[in-house]
Amino acid sequence: MADQALVKTFEDMLGKENVFSSEADRQTYSYDSAVLTPVVPALVVRPTSVERLGQCVQKLYDNGIPMTVRGAGTNLSGGTIPDNSDTVVVLTTALTRILEINVNDLYAVVEPGVITATLAAEVARKNLFYPPDPGSQSVSTIAGNIAENAGGLRGLKYGCTKDYVMGIEFFDATGALVKSGSRTVKCVTGYNLAGLMVQSEGTLGIISQAVLKLVPPPKASKALMAVFANVQDAAEAVAGIIAAHVVPCTLEFLDNNTIVRVDDFTKAGLPRDAGAILLIEVDGHPAQVAEEAEVVEKVIKANNATDVKVPKDAAEKLKLWEARRMALPVLARCRPTTVLEDATVPRSQIPAMMKAVNDIAAKYRLEVGTFGHAGDGNLHPTFLCDKRDADEFHRVEEAIDEMFDTALKLQGTLSGEHGIGTAKAKWMEKETSRGTILFSQRLRRALDPRGLLNPTKLVGI
Ligand SMILES: Cc1cc2nc3c(=O)[nH]c(=O)nc-3n(C[C@H](O)[C@H](O)[C@H](O)COP(=O)(O)OP(=O)(O)OC[C@H]3O[C@@H](n4cnc5c(N)ncnc54)[C@H](O)[C@@H]3O)c2cc1C
């Protein structure tokens, strides 16, 4: 609990209604969406303007108090769990203004706490398109997306959040305002500090504003669901589609366990006896869409698809896509603990990775549901377990170690989109090098000499 003088300082600065010091309030911000031990912060503050955000950072720096900035808290790597009981959590949830949507120059300017889906909907109203669409888009914030470089169901063709960041304004550890990038398509004024902020997980600065690229929406699209008797055929079909040089905007995978669990909950009419399904969408010019859809159908049939279903209208498509977005929340209801992983491999290695995940789950006698952005090589094997069962949880940890080893052997990576936080910090050196860890720590110490910005996250400081 913060001392009363500090509470009073923040109450005077932000108003009592934006300072949360009770035990219950602080507990609310002690955890996020990762399966990690909660840490109750000393205080939670909610600045209601960007100027106040900067003043909060400065006040915390002057007092040597560690700070964790938090958007919606949906990250899956522990990035918003306070570092220790002295930490002050700084919320961006009151900074939700869309400052500009420029339909001629194709950009939007937003405050950090704007919800991803709100921006996408506002932009769509002006007949433009903001493609990044993480499964959490109805609650996740733009700054959280930038700080994690969030991907989504459209990542394969349209890329991730980093591909839409034109400029960022942020407060450094001392509260000084830093600006990088601009509203122009090109800008090489100074270091690419905006790029540095992408996937920085709240460790290098506090994002206060972003300029985001918008694109014209596709003129046409075609969605389909391909049904397979087994996971391997679906995995081979994914590799086959990419090898045929078609880049769908969506190429998502669900295994049987996920299909059944999701269908139980959503009643979406998924094929419950399928070994796996792929949700595929191609978009672009109508002629290109027709041609690419034909190639996709050929590839999936050549890989033993047992059925191909084309949604009859937009509502039916939405139902299927929503069912996919429900995969994680639905699996999370099944057992007390859900450990969702993010191992990512080159697309051609998807069949090998899929096989490894199932072999590993069988070896350690664990229940796994796997879904994910198969077209990106980004799988989310989700272990359903109970952390209170020490033996079972130990087996989960061993399984995850083996899964990461396999991903790295296949030239993959620890995390395609969920970040390192504290959840994956111990594996970072294995994928990179000792030099990488030391370089990153030197960078952090230079930018944050008092070690106050999310100090235990990523490589530590
Ligand atoms: C059901 C579900 C589905 C998901 N689906 C996807 C998916 O498809 N793709 C994907 O990539 N992720 C997904 N995620 C993970 C998560 O939603 C993303 O990482 C998202 O970007 C986090 O946004 P947030 O606003 O919740 O950020 P938070 O969790 O609040 O914060 C995330 C990180 O960003 C930092 N941060 C927040 N605001 C700022 C700021 N203003 N300045 C600097 N740093 C800041 C925090 O300190 C923290 O380290 C999913 C999560 C859930 C629970």
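**Cores, sheets and a ligand shell between two domains**

In this predicted model, the largest nonpolar core comprises 70 residues, and those with the most contacts inside it are Ala226, Val238, Ile277 and Leu278. Helix 8, spanning residues 231–243, supplies the largest share of this core, namely 8 residues. The surroundings of Ile277 illustrate how the core is assembled. When its neighbours within four places in sequence are left aside, Ile277 is in contact with Met225, Ala226, Val227 and Phe228, and also with Leu254, Ile259, Leu270 and Pro271. Apart from this core lies another, of 54 residues, which includes Ala108, Val123, Leu204 and Val211. As a general background, nonpolar side chains in soluble globular proteins tend to be buried together.

The domain assignment provides a frame for these elements. The protein is divided into domain 1 (4–91), domain 2 (98–213), domain 3 (220–409) and domain 4 (424–461). Between the centres of domain 2 and domain 4, taken over C-alpha atoms, the separation is 24 Å. Their contact takes 6 residues from domain 2 and 9 residues from domain 4. On the side of domain 2 that touches domain 4, the classes are represented by 2 nonpolar, 2 polar and 2 charged residues.

Strand 9 (206–213) merits separate attention. Of its 8 residues, 7 are buried, and strand 9 is therefore largely enclosed by the rest of the structure. Strand 9 pairs with strand 6 (residues 107–110) in the antiparallel sense over 4 bridges; here Tyr107 has Lys213 of strand 9 as its bridge partner. Strand 7 (residues 165–171) also pairs with strand 9 in the antiparallel sense, over 6 bridges, and Gly167 has Val211 of strand 9 as its bridge partner. Val211 is also among the residues of the core of 54.

A further arrangement of strands is an open sheet of 4 strands, with the order 1-2-4-3 and mixed pairing. Strand 1 (19–20) and strand 3 are its edge strands, each pairing on one side only. Strand 3 pairs with strand 4 (residues 88–91) in the parallel sense over 4 bridges, and Arg70 has Leu91 of strand 4 as its bridge partner. Ahead of strand 1, Glu17 is found in the loop that runs between helix 1 (4–14) and strand 1. Glu17 counts as exposed because it has 9 C-beta neighbours inside 10 Å, where the limit for that class is 12 or fewer. The C-alpha atoms of Glu17 and Arg46 are separated by 8.7 Å, although the two residues are 29 residues apart along the chain.

The ligand brings several of these elements together. Of the 37 residues around the ligand, Gly71, Gly79, Gly135, Gly144 and Gly202 come nearest. Strand 3 (67–70), helix 5 (142–148), strand 9 (206–213) and helix 12 (327–332) are the elements that give two or more residues to the shell. Helix 5 accounts for the largest share, with 5 residues. By class, the shell consists of 12 nonpolar, 20 polar and 5 charged residues. Where, then, does the ligand lie with respect to domain 1 and domain 2? Domain 1 (4–91) and domain 2 (98–213) both give residues to the shell around the ligand, so the ligand lies between them.

Definitions and conventions:
Residues are numbered from 1 along each chain as its sequence is written. This is a predicted model: local features need pLDDT of at least 70, side-chain atom pairs count only at pLDDT 80 or more; totals for chains, interfaces and linings use all residues. A residue is near a molecule or strand if its C-beta atom, placed from the backbone, lies within 6 Å of it. Ala, Val, Leu, Ile, Met, Phe, Trp, Tyr, Cys and Pro count as nonpolar, Asp, Glu, Lys and Arg as charged, and the others, Gly among them, as polar. Domain bounds come from an automatic or database domain assignment. Two residues are in contact if their C-beta atoms, placed from the backbone, lie within 7 Å. A nonpolar core is a set of buried Ala, Val, Leu, Ile, Met, Phe, Trp, Tyr and Cys residues joined through C-beta atoms within 7 Å. A residue is buried if 20 or more other C-beta atoms lie within 10 Å of its own, exposed if 12 or fewer, and partly exposed in between; C-beta atoms are placed from the backbone. Two strands pair if DSSP finds at least two bridges between them.
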